[in-house]
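Please look over the sequence and the fold shown here before reading on. The paragraphs below go from the whole chain to its interior, then to its aromatic rings and its surface.

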Amino acid sequence: MLFRIGAFLGLTGVILGAMGAHGALHDLVVENGRLDNWQTAVFYQLVHAVAILALTANATNRFWPVLCWIAGVFIFCGSLYLLALTNVGWLGAITPIGGVFMILGWAWLLVAPSPKTPTKSA
């Protein structure tokens, strides 16, 4: 399930990146003066989608870091997307909460036991 969430975040990250670069959505985000927020949200979403895919493809016992990243993507990127679309300033106050979740996911990996390296059989 977590692998599929990573794939979904990658898929939607590309779609949202394209929508923010062209057409009516692009015009709205530029009109709000928030193109940089939109681009930051897309970048962080895609980076964490790749990290989730990499970690869930070959590792076990990585549930909590991945869960932190998923929460971080939804809160951090989601608040930036909403800020870019609505220009409602208080949404920016929510963004750091998502950033903390992203940091927690990376910190969890830093202190977690390393994955076992497969051994060759003779």
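Among contacts in the protein chain between residues at least 6 apart in sequence, what percentage join residues at least 24 apart? The share is 72%, where contact means heavy atoms within 4.5 Å. This is a predicted model, in which local features need pLDDT of at least 70 and side-chain atom pairs count only at pLDDT 80 or more, whereas totals for chains, interfaces and linings use all residues. Residues are numbered from 1 along each chain as its sequence is written, and side-chain values use heavy atoms, with hydrogens and water left out.

The protein chain holds five helices and zero strands, these being DSSP runs numbered from the N terminus (helices are H or I, at least four residues; strands are E, at least two). The C-alpha atoms fill a box of roughly 65 × 25 × 20 Å along the principal axes. Of the 122 residues, 34% count as buried, a term that means under 20% relative accessible area, with exposed over 50% and partly exposed in between (1.4 Å probe, protein chains only).

The interior can be followed through the largest nonpolar core, which has 22 residues; such a core is a set of buried Ala, Val, Leu, Ile, Met, Phe, Trp, Tyr and Cys residues joined through side-chain atoms within 4.5 Å. The elements that give two or more residues to this core are α2 (23-31), α3 and α4, and α4 gives the most, with 10 residues. Tyr81 is one of the residues with the most contacts inside the core, and, not counting residues up to four places away in sequence, tyrosine 81 touches Leu16, Trp38, Ala41, Val42 and Gln45. Asparagine 37, placed in helix α3, is buried because its relative accessible area is 15%; leaving aside neighbours within four places in sequence, asparagine 37 is in contact with Leu80 and Leu83.

A search of the whole structure finds six aromatic pairs, taking rings of Phe, Tyr and Trp (its six-membered ring) with centres within 6.5 Å, and counting planes under 30 degrees apart as stacked, over 60 as edge-to-face and the rest as tilted. The rings of phenylalanine 43 and tyrosine 44 have centres 5.7 Å apart and planes at 85°, so this pair is edge-to-face. The rings of tyrosine 44 and phenylalanine 76, with centres 4.9 Å apart and planes at 45°, make a tilted pair. That second pair links distant parts of the chain, since tyrosine 44 lies in helix α3 (residues 35-58) and phenylalanine 76 in helix α4, 32 residues apart. Phe43, Tyr44 and Phe76 form one aromatic cluster, in which phenylalanine 43 is exposed at 52% relative accessible area, tyrosine 44 is partly exposed at 33% and phenylalanine 76 is buried at 12%.

On the surface, Phe8, Leu11, Ile15, Met19 and Phe74 make a nonpolar patch of about 500 Å². Helix α1 (residues 2-21) gives the most to the patch, with four residues, while phenylalanine 74 lies in helix α4 (residues 63-86) and counts as partly exposed because its relative accessibility is 49%.

One backbone detail remains. Most residues other than glycine have a negative phi. Asparagine 87, however, has a positive phi of about 60° although it is not a glycine; asparagine 87 lies in the loop between α4 and α5 (95-111) and is partly exposed, with a relative accessible area of 35%.

Definitions and conventions. Patches are made of residues with over 30% relative accessible area and no salt bridge: like charges are joined within 9 Å, nonpolar side chains (Val, Leu, Ile, Met, Phe, Trp, Tyr) within 5 Å. Accessible areas come from the Shrake-Rupley method with a 1.4 Å probe; for residues, only the protein chains shown count as cover. A salt bridge is a side-chain nitrogen of Lys or Arg within 4 Å of a carboxyl oxygen of Asp or Glu.
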